[in-house]
Amino acid sequence: MSREQEKVYTITRVLNHNVVLVEEPDSHQEIVLFGKGIGFSAKPGNTIPAQDPRVEKRFRLESESHQKQYQTILSQVDPAVVGIAEEIIALIAIEITPKLNEHVHVALPDHIQFAIYRLRNGMEIVNPFLFEVQTLYAKEYALAKRAADMIKKAFSLDIPESEIGFLALHIHSAISYLPVNKAVQFANIISELVSIVEQRTGQTIERSTVDYVRLITHLRFAVERIRQKKSIQNPLLDRVKTTIPDAYELASELADYISTRLEVTVPEDEIGYMAMHVYRLLQQ
């Protein structure tokens, strides 16, 4: 048996039946273990072999700042909330990717604790860009619905769709390594861009159409390219300017909005593509 196989963890805290915090014998670093029933009847000081078949996921915070923030979370947030957050993180790792932004271990329990507080106190959770989140991050939203069911079961609370949307943004942040506030900003920008199109054209855009989905999907990737300053070539740019000038003018206004919000310059090639999508949408 190898040294790694012989390793034994010491439990430092039991968060729930499925999540425990343990200390590694070599580094004395605290790590998270997730597995069905791993915390049942367990107590601090008990040991768990590294090769315990119940261990499904191990999470270690490498960043010193995240380690300190996590200790703060452990001292300020209900252990049951931290436990359910770690179960959700394990679900993300299993269902989408094990390569997660470790800040999710800090951000998600903090968010869930505040959401529970608001719901228990009858405070409405408003998500003005819910539809955009559902459309742009469908995979994350589907997983967020499962996470909401876990929270509902653990805390006897009905979780509204608006909160599921915010959980989806936290999931997206974890898998994309994009800070949650940036994910919220991008969803908000997409929502505002659609509102500008509706205001300037006097038309209410039907959210269920394929062309609408194409439009906001294109806007999402356009915003991400613009933020990352990635170039894109549009061989139809000159034709777009001359054949659909109204759509190009509206796309230029969208570009001005993006430029202001992200403090970047929007290339003409991107404006041309936005014009094409706007034109297609308005022809419906």
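**Figure 1. Ile258 and its neighbours in the predicted model.** This is a predicted model, and the first close-up sits on Ile258. Setting aside residues up to four places away in sequence, Ile258 touches Ile189, Leu193, Val223, Ile226, Glu263, Val266 and Met274. Two of the names here, Ile258 and Met274, come up again among the residues with the most contacts inside the largest nonpolar core.

**Figure 2. The nonpolar cores.** Pull back a little and you get the largest nonpolar core, with 85 residues. Tyr70, Ile112, Ile258 and Met274 have the most contacts inside it. Which helix gives this core its largest share? That's helix H3 (residues 79-95), with 10 residues. There is also a second, separate core of 11 residues, and Tyr9, Val22, Ile31 and Ala50 are among them. As a general backdrop, nonpolar side chains tend to be buried together in soluble globular proteins.

**Figure 3. A stacked pair in helix H4.** The structure holds three aromatic pairs, and this view takes in Phe114 and Tyr117. Their rings are stacked, 6.4 Å centre to centre with 10 degrees between the planes. Both residues belong to helix H4 (residues 104-120), and because they are three residues apart there, about one helical turn separates them. Are these two buried or exposed? Neither, quite: Phe114 counts as partly exposed at 45% relative accessibility, and Tyr117 is partly exposed too, at 47%.

**Figure 4. An edge-to-face pair between distant parts of the chain.** Phe129 and Phe166 meet edge-to-face, with 6.5 Å between centres and 80 degrees between planes. Phe129 comes from the loop between H4 and helix H5 (130-136), while Phe166 comes from helix H7 (residues 161-176). That puts the partners 37 residues apart, so to speak from distant parts of the chain. Both Phe129 and Phe166 are buried.

**Figure 5. Arg118, a buried arginine.** Staying with helix H4, here is Arg118. Its relative accessible area is 15%, so it falls under the 20% cut-off and counts as buried. What does Arg118 contact, once neighbours within four places in sequence are left aside? The list is His111, Met123, Ile125 and Glu163. For a sense of distance, the C-alpha atoms of Arg118 and Ile171 are separated by 20 Å, with their positions 53 residues apart along the chain.

**Figure 6. Two loop residues with positive phi.** Most residues other than glycine have a negative phi. Lys229 is not a glycine, yet its phi is positive, about 60 degrees. You'll find Lys229 in the loop between helix H9 (210-228) and helix H10 (237-243), and it is exposed, with a relative accessible area of 70%. Glu263 has a positive phi as well, about 55 degrees, and is not a glycine either. Glu263 sits in the loop between helix H11 (245-262) and helix H12 (268-282). At 73% relative accessibility, Glu263 counts as exposed, and it is also one of the residues touched by Ile258.

**Figure 7. Where the close-ups fit.** Stepping back, the protein has 12 helices and five strands, and its C-alpha atoms fill a box of roughly 75 × 45 × 30 Å along the principal axes. Of its 284 residues, 50% are buried. Among contacts between residues at least 6 apart in sequence, 67% join residues at least 24 apart. The accessible surface comes to about 14,400 Å², with 49% belonging to carbon and sulfur atoms. As for charge, there are 31 positive and 37 negative side chains, and the centres of the two sets lie 3 Å apart.

Note on methods: Residues numbered from 1 in each chain as written. Heavy atoms only, no water. Core = buried A, V, L, I, M, F, W, Y, C linked by side-chain atoms within 4.5 Å. Buried < 20%, exposed > 50% of the residue type's maximum accessible area, 1.4 Å probe, protein only. Helix = DSSP H or I, 4+ residues; strand = E, 2+ residues; numbered from the N terminus. Contact = heavy atoms within 4.5 Å. Phe/Tyr/Trp six-rings, centres within 6.5 Å; stacked < 30°, edge-to-face > 60°. Areas by Shrake-Rupley, 256 points an atom, 1.4 Å probe, with all protein chains shown as cover. Lys, Arg positive; Asp, Glu negative; His and termini not counted. Charge placed at Lys NZ, Arg CZ, Asp CG, Glu CD.
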